[in-house]
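Let's take a walk through this protein together. Have a look at the sequence and the model, and then we'll go through some of the details.

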Amino acid sequence: MSVSSPAPLLSSSLPDAAPIHQLHHYAYRAKDAEETRHFYEDILGLPLYHIIQSDVVPSTGEFCPYTHFFFRLRDGSFIAFFDLGDDQAALPSPNTPLWVNHISFRVDNKADLQAMKERLQAHGVEVLGITDHHIFESIYFFDPNGVRLELTAQRADEFQMLQESKTVHARLNEWTARKQQWRQERAEGKDRPEFKSN
C-alpha cells in the first residue's frame, strides 16, 4: 500500500507564503496552573507573562471554563498552558513513545546545561543527559504535566549548519525509500524489523 501526495495546487494562482518569523507559542494542557507556574517560573526562570480566562472557547463556542497562561522566552516567544479546572493532565499518546513528543529550549552553552541540570535535580526533577548530538548537546526531563522538555546548547556554528542543510533532502529521500520498503513488506504480511537502541 502506498501513500500518495495531494495533487499540487497551481502556484500561479496562490499568494506567496507569508514569512513566518518565529514560534509564537506552543500550548499544552496543565493539570494545575499554580503547580505549572512554579515549575516554569520559579525553577526554569521563564516569567509568567500573559493570561486569558473565559468560560467559552472563542474558536468553537463550546462551554469549557479555562485559564490559558503564557510563559515568555527571551526571544519573545511563549510556551503556554490550559488549566481546565478538573485537575487532569493530558494523557500520553498510546501509539507514541514518551521520548518522541517534546519541546526543546535553547541555552547558551554546555555550562548552562550543567547548571540547569543541577538546579532541576535540586528541585527533585529527574534529568537525563548531558547527551551529545554532535551539532548540539541536550538534557531531558518532564514537567509536572508529563510534557517532555529538552534544554539544548548549540555546538555547530552557522557555517556548519549551512553545510548540514545541503544534504537534508537527500537524507529524507533515503528515509522515505526505506519506509516504502517497510510498507511493501507489511503488504506482503512480513513484520517490520525491530528498532535497535544503541
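Does arginine 37 count as buried or exposed? Keep in mind as we go that this is a predicted model. With a relative accessibility of 17%, arginine 37 counts as buried, because buried means anything under 20%. Its side chain still has a charged partner: arginine 37 meets glutamate 34 in a salt bridge, with 2.9 Å from N to O. Glutamate 34 is partly exposed, at a relative accessible area of 47%.

Why can these two pair up within one helix? Both sit in helix H1, which covers residues 33-43, and they are three residues apart, so about one helical turn separates them. The story doesn't stop with this pair, either. Glu34, Arg37, Glu41 and Asp42 are linked in a network of salt bridges.

Now for some other charged pairs. The structure holds ten salt bridges, so let's pick out a couple more. One of them joins lysine 31 to glutamate 35, where the closest N and O atoms are 3.9 Å apart. Both partners are partly exposed: lysine 31 has a relative accessible area of 29%, and glutamate 35 has 32%. Another brings together the side chains of aspartate 108 and arginine 106, at 3.8 Å from N to O. Here both ends count as exposed, with aspartate 108 at a relative accessible area of 59% and arginine 106 at 64%.

Arginine 106 can also lead us to a sheet, as strand E5 runs over 102-107. How many strands form this open sheet, and in what order? There are four, arranged as E5-E8-E7-E6, and the pairing is mixed. At the edges you'll find E5 and strand E6 (128-132), each of which pairs on one side only. Going from one strand to the next, the twist averages 25°.

Let's look at one edge in more detail. E5 pairs with strand E8, residues 148-154, in the parallel sense, and six bridges hold the record of that pairing. If you'd like a spot to find by eye, try phenylalanine 105, which stands opposite leucine 151 in E8.

Finally, there's a helix to add to the picture. Helix H2, made of residues 110-122, packs on the sheet and touches E5, E6, E7 and E8. Strand E7 spans 136-142, and the direction of H2 makes an angle of about 15° with that of E7.

Terms used: Residues numbered from 1 in each chain as written. Predicted model: local features only at pLDDT ≥ 70, side-chain atom pairs only at ≥ 80, totals over all residues. Heavy atoms only, no water. Salt bridge = Lys/Arg side-chain N within 4 Å of Asp/Glu carboxyl O. Buried < 20%, exposed > 50% of the residue type's maximum accessible area, 1.4 Å probe, protein only. Helix = DSSP H or I, 4+ residues; strand = E, 2+ residues; numbered from the N terminus. Pairing = 2+ DSSP bridges. Axes fitted to C-alpha atoms, helices over the stretch in contact; angles between N-to-C directions. Contact = heavy atoms within 4.5 Å.
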